[in-house]
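Please open the structure in your viewer and keep the selection tool at hand. This tour goes from one selection to the next and says what can be found at each stop.

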Amino acid sequence: MAKKKARRNSSMKKVPEKWHAVPLKGSFMVLSMIGFLITAYLIHEPDYKFAFMIVFIAMFIASMVSMTKAPTSE
């Protein structure tokens, strides 16, 4: 019975206590800005334009959060 408990404890993953931002590349932010501008000027269908602009805004916000909240590596 002790072996079953040992297996169960070793297979359980440790859940982080606090949320941590992951550092993203700078190209992710550049892609979000360029994608937003291209979408704003070149797509003429309103539904697609709105959807793509929301996606690129979400990408930009994610890159800003990762830039300000991510831990710095030495």
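The stops below begin with the whole chain and then turn to two helices and some of their residues.

**The whole chain**

Before selecting anything, keep in mind that this is a predicted model. Colour the chain by secondary structure, and three helices and zero strands should appear, in the order α-α-α along the sequence. If you switch on a surface, its accessible area comes to about 7,000 Å², and carbon and sulfur atoms account for 68% of that area. Of the 74 residues in the protein, 14% are buried. Among the contacts with a separation of 6 or more, 68% join residues that are 24 or more positions apart.

**Helix H2**

Select residues 26-42, which form helix H2. These 17 residues reach 24 Å from the first C-alpha to the last, close to the 24 Å expected at 1.5 Å a residue. Now highlight Met29, Ser32, Gly35 and Thr39, the buried residues of H2. Turn the view until you look down the axis of H2: the buried residues fall within an arc of 130°, so they line one face of the helix. An α-helix has 3.6 residues a turn, so residues three or four places apart point the same way. On the face turned away from this buried side, H2 carries the exposed residues Gly26, Tyr41 and Leu42.

**Serine 32**

Stay in helix H2 and select serine 32. Is this residue buried or exposed? Serine 32 is buried, because its relative accessible area is 1%, and the cut-off for buried is under 20%. The side chain of serine 32 reaches the backbone oxygen of methionine 29 at 2.6 Å. Show the surroundings as well, and, leaving aside neighbours within four places in sequence, you will find serine 32 in contact with Phe56, Met59 and Phe60.

**Helix H3**

What covers the buried residues of H2? The cover includes H3, so select residues 46-69 next, the range of helix H3. The 24 residues of H3 should span 34 Å at 1.5 Å a residue, and its end C-alpha atoms are 34 Å apart, which agrees. Within H3, highlight the buried residues Phe56, Met59, Ser63 and Ser66; what covers the buried residues of H3 includes H2.

**Valine 55**

Select valine 55, which is also found in helix H3. Valine 55 counts as partly exposed, at 44% relative accessibility. For a distance to try in the viewer, take valine 55 and serine 32, which are 23 residues apart in sequence and 8.5 Å apart in space, C-alpha to C-alpha.

**Serine 66 and threonine 68**

Move along helix H3 to serine 66, which is buried, with a relative accessible area of 7%. A polar atom of the side chain of serine 66 lies 3.0 Å from the backbone oxygen of serine 63. Which residues does serine 66 touch, not counting those up to four places away in sequence? They are Ala21, Val22, Pro23 and Leu24.

Finish with threonine 68, another selection in helix H3. Threonine 68 counts as exposed, at 59% relative accessibility. Its C-alpha is 9.2 Å from that of proline 23, although threonine 68 and proline 23 are 45 residues apart in sequence.

Conventions: Residues are numbered from 1 along each chain as its sequence is written. This is a predicted model: local features need pLDDT of at least 70, side-chain atom pairs count only at pLDDT 80 or more; totals for chains, interfaces and linings use all residues. Side-chain values use heavy atoms; hydrogens and water are left out. Helices (H or I, at least four residues) and strands (E, at least two) are DSSP runs, numbered from the N terminus. Buried means under 20% relative accessible area, exposed over 50%, partly exposed in between (1.4 Å probe, protein chains only). A polar contact is a pair of N or O atoms within 3.5 Å; within protein, one must be able to donate a hydrogen and the other to accept it, and residues adjacent in sequence count only if both atoms are side-chain atoms. Contact means heavy atoms within 4.5 Å. Accessible areas come from the Shrake-Rupley method with a 1.4 Å probe; for residues, only the protein chains shown count as cover. The expected span of a helix is 1.5 Å times one less than its number of residues. The arc is that of the directions from the helix axis to the C-beta atoms.
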